[in-house]
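Me: Could you walk me through this structure? I am new to this, so please explain the terms as we go.

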Amino acid sequence: MKQIALVLAIFGLCLGLMGLPYHQAQASNLSLTTWTSTSILAVESGKVNKADKKLGEIGGEQLDLNNSPLRSFRKYRGMFPTIAAMIVDNAPYEKVEDVLEISDLTENQKKLLEANLDKFKVTPTSDLFNEGDFRLNTGSYD
């Protein structure tokens with residue numbers, strides 16, 4: 001049995017070396033292919049994601065002092081965690097400048113906040129972002 005397998009292997013090797021059946025592959029020219037286009041009809045559903053709607057109100061890169069989670073203040077140097085926690089604890093605010101009236105702020109913290117007032121925005125509080133401890137712990141860790 002081993003001898004038959006050896007003879008078949010040698011025979012197959014010889015056929016392969018002689019290159020009996022040999023075909024070249026040809027690539028297709030995609031520029032000659034026409035692709036049909038389809039139209040997509042956008043339909044607005046009656047259901048709106050409340051979180052997306054609220055984030056649309058905030059817009060841009062600004063942080064909403066009444067709704068943004070504590071961890072989002074990390075993108076501004078010196079804000080996280082101390083000043084950010086003070087901002088969250090003393091919310092809601094009527095206008096952005098109200099954040100400067102937090103009672104426990106040091107002079108350096110006030111200067112830091114004043115330098116960054118243009119990065120903040122105030123919108124009405126949303127239960128969606130303020131319910132429970134969501135602003136303190138969003139459950140996402142990076």
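Me: Let's start small: which backbone nitrogen does the side chain of Ser 68 reach?

Reply: The side chain of Ser 68 reaches the backbone nitrogen of Asp 64, at 2.8 Å. This is a polar contact, meaning a pair of N or O atoms within 3.5 Å, where within protein one must be able to donate a hydrogen and the other to accept it, and residues adjacent in sequence count only if both atoms are side-chain atoms.

Me: What kind of model is this, and how is the numbering done?

Reply: The model is predicted, and local features need pLDDT of at least 70, side-chain atom pairs count only at pLDDT 80 or more, and totals for chains, interfaces and linings use all residues. Residues are numbered from 1 along each chain as its sequence is written, and side-chain values use heavy atoms, with hydrogens and water left out.

Me: Back to Ser 68: where is it in the chain, and is it buried or exposed?

Reply: Ser 68 is in the loop between β1 (63-64) and α3, where helices (H or I, at least four residues) and strands (E, at least two) are DSSP runs numbered from the N terminus. Ser 68 counts as buried because its relative accessible area is 8%, and the cut-offs are under 20% for buried, over 50% for exposed and in between for partly exposed (1.4 Å probe, protein chains only).

Me: New topic, α3: which of its residues are buried?

Reply: In helix α3 (residues 82-89), the buried residues are Ile 83, Ala 84, Met 86, Ile 87 and Val 88, and part of what covers them is α4 (107-115).

Me: And Ala 85?

Reply: Ala 85 also lies in helix α3, but it is partly exposed, with a relative accessible area of 25%.

Me: How do α3 and α4 pack?

Reply: They pack at an angle of about 75 degrees with their axes 11 Å apart, the axes being lines fitted to C-alpha atoms, for helices over the stretch in contact, and angles running from 0 to 180 degrees between N-to-C directions. The two helices α3 and α4 are therefore roughly perpendicular, since angles under 35 degrees count as roughly parallel, over 145 as roughly antiparallel, 65 to 115 as roughly perpendicular and the rest as oblique.

Me: Which residues meet there?

Reply: Thr 82, Ile 83, Met 86 and Ile 87 in α3 meet Gln 109, Leu 112 and Leu 113 in α4, where contact means heavy atoms within 4.5 Å.
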